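Here is a short report on one protein. Look at the fold as a whole, then at what sits inside.

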Amino acid sequence: GNLEVDQLLPDDRAEIEVGKTCAVVGGGDTGADCVRTAVRLGFTKVVCIYRRSAEEIPGREADRGYAVEEGVEYHFLANPIRFEGDGKVERMTCVKMRLGEPDPSGRRRPEPIDGSEFALDVDAVVLALGYQLDEELLAASGVNVERGGVAVDAQLATSRPAVFAAGDVVNGADLIVTAARDGRDAAMAIDRYLQRG
């Protein structure tokens, strides 16, 4: 028969306790996912802090539109400089930014405006700022890195025997469905590798 969702979850599951205000730092696709998740968790105020302008924010515009419809506030040209609290975050101080000369990527570099600090009372902060590989760690482990990602062959095998890689560590930031597909392909490649003995 059909089971209700509550029947599938343990009775002693913990409730997530949230405060009133959640700030998400970063405006890409991950930031959009985080602000919308914060709304669903029950935060009454959710803000997104992004250091560049609305025109330069990465990610899908539709997701930001949905977030705004759900009540998310966007603070463009702002960047956190300090977090304060007693045992947990209670306040985030930001500085307003202006766009200066282009950086190596061609986008105008955000620069802080002196004396423009402002504070936000927050109960949670999520840093959705992206990531990069620790190339030194990978090199020490014997895994080759090319063009900012782990080098793999057609079977997703790395330069080190019996080590496979997939998803963002190979492709760079991408969609979760791409990582899931790559994970499935890597699992099948690992299975073939183990079958060969």
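The report goes from overall form to the nonpolar cores.

This is a predicted model, where local features need pLDDT of at least 70 and side-chain atom pairs count only at pLDDT 80 or more, while totals for chains, interfaces and linings use all residues. Residues are numbered from 1 along each chain as its sequence is written, and side-chain values use heavy atoms, leaving out hydrogens and water.

**Overall form**

The protein has six helices and ten strands. These are DSSP runs, with at least four residues for a helix (H or I) and at least two for a strand (E), numbered from the N terminus. The radius of gyration, taken over C-alpha atoms, is well over the globule rule (2.2 Å times the number of residues to the power 0.38), so the protein is more spread out than a compact globule.

| Quantity | Value |
|---|---|
| Radius of gyration | 21 Å |
| Globule rule for 197 residues | 16 Å |
| Span of the C-alpha trace along its principal axes | about 65 × 60 × 35 Å |

Of the 197 residues, 29% count as buried, meaning under 20% relative accessible area with a 1.4 Å probe, protein chains only.

**Nonpolar cores**

A nonpolar core is a set of buried Ala, Val, Leu, Ile, Met, Phe, Trp, Tyr and Cys residues joined through side-chain atoms within 4.5 Å. The largest one has 13 residues, and Val35, Val46, Val72 and Tyr74 have the most contacts inside it. Strand E1 (21–25), helix H2 (29–41) and strand E2 (45–50) each give two or more residues to this core. E2 gives the largest share, three residues.

Which residues does Val72 touch, not counting those up to four places away in sequence? They are Val35, Val39, Val46, Cys48 and Ala67; contact means heavy atoms within 4.5 Å. A second, separate core has nine residues, including Val25, Met92, Leu120 and Val122.

Definitions and conventions:
Buried means under 20% relative accessible area, exposed over 50%, partly exposed in between (1.4 Å probe, protein chains only).
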